[in-house]
Every structure is written in C-alpha cells, then in structure tokens.
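Colleague: I'm new to this one. Could you take me on a close look at the sheet, strand by strand?

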Amino acid sequence: MIEGSLLPRLEFWCDLQCPDCRTALDDVRALRAQYGDALPVELRHFPLEKHKHAYAAAEACEEAFAQGLGWPFVEALLARVEELDARGQQVLLDVAREVGVDPEEVDTALIDGRHMLTVDADQAEGKAIGVTGTPTYVIAGKRLDGGQSQDGLRDLIVAIIEEAKAS
C-alpha cells in the first residue's frame with residue numbers, strides 16, 4: 001500500500017566486489033533520478049564467497065552508512081572492484097578517506113566486528129527469500145535477479161512502481 005507519494009521500497013541486494021553490481025548501479029542511479037526521494041532505495045548485503053573481500057566491504061559500507069556517507073562509499077567502491085580484488089582491505093580504507101568517511105573508524109569496525117550482525121542478517125534474509133546471486137532487486141514483493149542480465153530490469157522495476165502508484 002502506498003501512502004501519499006511514497007513508492008514501494010526498492011531493495012538492492014549487492015556484493016560490493018561484484019562487477020555486475022557495478023553495472024546495476026547505473027539502473028539504481030537512473031531510478032533515483034527518475035523518482036527522487038519518493039523511491040526509498042535500501043542497500044542489502046549479499047557478499048558472495050567467491051569474492052574474498054566482499055564481506056569486509058559490506059562491513060566497511062555499514063560503517064560508512066553509520067557516518068552518513070553510505071551511498072558515496074558504495075558508488076566509489078563499486079567503481080574499484082578490480083582494485084579491491086587485487087589490493088584487498090587497504091582499498092576500503094582508501095575509499096573511505098576519499099569520500100570523507102573516517103578510515104580509522106572503518107579499520108576499527110573491521111577489527112571489532114560491530115557491523116557483522118547486520119551483514120549476517122542480510123545474508124540470512126536474502127537466502128530465505130531466494131537470493132542466490134547479485135545483483136538482485138526486490139520491489140513490491142517481487143524478486144528480480146540481475147546476475148545473468150540487466151537487460152530490461154529497469155523497465156520492469158518502473159512498471160512495478162507505476163502499477164503500485166496506480167493502485
């Protein structure tokens with residue numbers, strides 16, 4: 001049910017070391033540009049085992065959100081997935097510094113595990129609703145898997161939003 005101008009929430013299930021998620025970010029940007037603040041977009045973590053730095057990236061991202069700079073961190077980190085793969089956690093600290101997140105707090109968060117419960121809860125919920133890869137979107141109760149192809153997904157998300165607005 002949509003109240004006022006609030007649209008259904010878009011969940012963006014993401015692995016921050018995933019090249020496909022970097023591509024999917026273009027669709028998320030376009031949707032945010034089209035609907036503005038009326039479309040709540042929530043980043044959900046689904047780090048894949050094949051990406052050895054994805055879990056730490058999710059924790060660092062949560063620290064960035066705690067400091068109010070989550071989306072700039074996500075944007076900057078996804079632009080550097082190959083570097084994250086090659087250089088590991090140092091890239092997380094470099095990206096934090098570049099976007100204005102306190103890198104010492106990110107480092108401390110990675111050591112003390114303060115965001116592990118959030119990342120673990122996202123992974124568990126993702127598995128429970130059938131997320132198997134990234135990127136995956138959930139909107140208005142519908143799961144859309146983008147790992148194989150992003151083609152047409154933005155149009156499908158827009159159709160779901162417009163249908164929700166009309167009802």
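Modeller: Sure, and keep in mind that this is a predicted model. The sheet is an open one built from 4 strands, in the order E2-E1-E3-E4, and its pairing is mixed. E2 and E4 (142-145) stand at the edges with a single partner strand each, so one side of each has no neighbour in the sheet. From one strand to the next, the twist averages 20°.

Now for the helix that goes with the sheet. H1 packs on the sheet and touches E1, E2 and E3, and its direction makes about 165° with that of E1. H1 (residues 19-35) also belongs to a right-handed β-α-β unit, together with E1 and E2.

Let's go through the pairings. As a bit of background, strands of a sheet pair through backbone hydrogen bonds, either parallel or antiparallel. E1 (residues 10-14) and E2 take the parallel option, with 5 bridges between them. If you want a spot to look at, find Glu11, whose bridge partner in E2 is Glu42. Over at E3 (residues 136-139), the run relative to E4 is antiparallel, and 4 bridges join the two. There, Thr136 has Asp145 of E4 as its bridge partner.

Let's finish back at E2, which spans residues 41-45. E2 is an edge strand with a single partner, yet 4 of its 5 residues are buried, so the rest of the structure largely encloses it.

How values were computed
Residues numbered from 1 in each chain as written. Predicted model: local features only at pLDDT ≥ 70, side-chain atom pairs only at ≥ 80, totals over all residues. Heavy atoms only, no water. Buried < 20%, exposed > 50% of the residue type's maximum accessible area, 1.4 Å probe, protein only. Pairing = 2+ DSSP bridges. Right-handed = clockwise from strand over helix to strand, strands pointing away. Axes fitted to C-alpha atoms, helices over the stretch in contact; angles between N-to-C directions. Contact = heavy atoms within 4.5 Å.
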